[in-house]
Amino acid sequence: DWNRVDGGAFLTALPKQDNMLVEAAFHFGKGRFSSFVQYAARNYAAPAADQNQLQAGMAWWMAGHNRNLKFSVGRQHTEGQPDRTQALLQFQIFYY
């Protein structure tokens with residue numbers, strides 16, 4: 001996923017930036033679990049603290065792609081700040 005965000009004159013608190021998210025997973029047979037890795041980056045057009053992070057974790061697919069629970073651990077790097085260890089627990093619901 002890649003997108004360019006620019007709040008312009010309407011949303012001035014939202015700076016111009018490019019965001020990227022790449023995720024790859026391995027699904028275990030016919031089970032409902034998969035391991036995954038995820039890389040995300042945020043790069044600002046103006047001088048600001050760019051960020052990137054790398055996560056690895058497990059996903060439990062409760063209802064196919066409609067509902068899942070993910071847990072991951074990784075490192076977050078923000079320019080000018082110490083790197084941080086990050087743990088995420090995320091529940092996603094998709095409704096069509």
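A residue counts as buried when its relative accessible area is under 20%, as exposed when that value is over 50%, and as partly exposed in between. With this rule in hand, Q53 is a good place to start reading the structure, which is a predicted model. Q53 lies in strand β4, which covers residues 51–61. Its relative accessible area is 16%, and because the limit for a buried residue is under 20%, Q53 is called buried. Leaving out residues up to four places away in sequence, Q53 touches Q38, Y39 and A40, and also R75, Q76 and Q86.

One of these contacts, Y39, is found in strand β3. Y39 has a relative accessible area of 31%, so this tyrosine is partly exposed. Y39 also belongs to a nonpolar patch on the surface, in the company of W2, M20, V22 and L54. Together, the residues of this patch have about 490 Å² of accessible area.

The strands themselves can now be followed along the chain. Strand β1 takes in residues 2–5 and strand β2 residues 17–27, and the two pair in the antiparallel sense over 4 bridges. Within this pairing, Q17 of β2 is the residue that stands opposite V5. Strand β2 is also joined to strand β3, residues 33–44, by 11 bridges, and these two strands run antiparallel. Here A40 of β3 stands opposite L21. The hairpin of β2 and β3 has 5 residues between the strands, and in this hairpin G29 takes a positive phi near 50 degrees.

Further along, β5 and β6 pair in the antiparallel sense as well, over 10 bridges. Strand β5 spans residues 67–78, and β6 spans 84–93. G74 has Q86 in β6 as its bridge partner, and Q86 is also among the residues that Q53 touches. The hairpin of β5 and β6 has 5 residues between the strands, with G80 taking a positive phi near 80 degrees. A general point is handy when looking at any of these strands: in a regular strand, the side chains alternate between the two faces of the sheet.

Returning to strand β1, N3 lies there. N3 is partly exposed, as its relative accessible area is 29%. Apart from neighbours within four places in sequence, N3 is in contact with Q17, D18 and N19. Compare this with N3 and A40, which are 37 residues apart in sequence and whose C-alpha atoms are 12 Å apart in space.

Charged side chains offer another way to see how parts of the chain meet. Side chains of opposite charge can pair when their charged atoms come close. A search of the whole structure finds 2 salt bridges. In one of them, the side chains of R4 and D18 meet with a distance of 2.7 Å from N to O. This pair links distant parts of the chain, as R4 is in strand β1 and D18 in strand β2, 14 residues apart. R4 is exposed, with a relative accessible area of 52%, whereas D18 is partly exposed at 21%.

Another salt bridge is formed by K70 with E23, whose closest N and O atoms are 3.0 Å apart. This pair too links distant parts of the chain: K70 is in strand β5 and E23 in strand β2, 47 residues apart. K70 has a relative accessible area of 9% and is therefore buried, while E23, at 37%, counts as partly exposed.

A buried serine provides a further example. S34 has its place in strand β3, and its relative accessible area of 3% makes this residue buried. Which residues does S34 touch, not counting residues up to four places away in sequence? They are A25, F26, H27, F28, G57, M58, A59 and W61. With W61 there is also a polar contact, side chain to side chain, at 2.8 Å.

The last residue to visit is Y95, in the segment after β6. Is Y95 buried or exposed? Its relative accessibility is 79%, so Y95 counts as exposed. The C-alpha atom of Y95 is separated by 6.8 Å from that of N66, and the two residues are 29 residues apart along the chain.

Note on methods:
Residues are numbered from 1 along each chain as its sequence is written. This is a predicted model: local features need pLDDT of at least 70, side-chain atom pairs count only at pLDDT 80 or more; totals for chains, interfaces and linings use all residues. Side-chain values use heavy atoms; hydrogens and water are left out. Two strands pair if DSSP finds at least two bridges between them. Buried means under 20% relative accessible area, exposed over 50%, partly exposed in between (1.4 Å probe, protein chains only). A polar contact is a pair of N or O atoms within 3.5 Å; within protein, one must be able to donate a hydrogen and the other to accept it, and residues adjacent in sequence count only if both atoms are side-chain atoms. Contact means heavy atoms within 4.5 Å. Patches are made of residues with over 30% relative accessible area and no salt bridge: like charges are joined within 9 Å, nonpolar side chains (Val, Leu, Ile, Met, Phe, Trp, Tyr) within 5 Å. Accessible areas come from the Shrake-Rupley method with a 1.4 Å probe; for residues, only the protein chains shown count as cover. A salt bridge is a side-chain nitrogen of Lys or Arg within 4 Å of a carboxyl oxygen of Asp or Glu.
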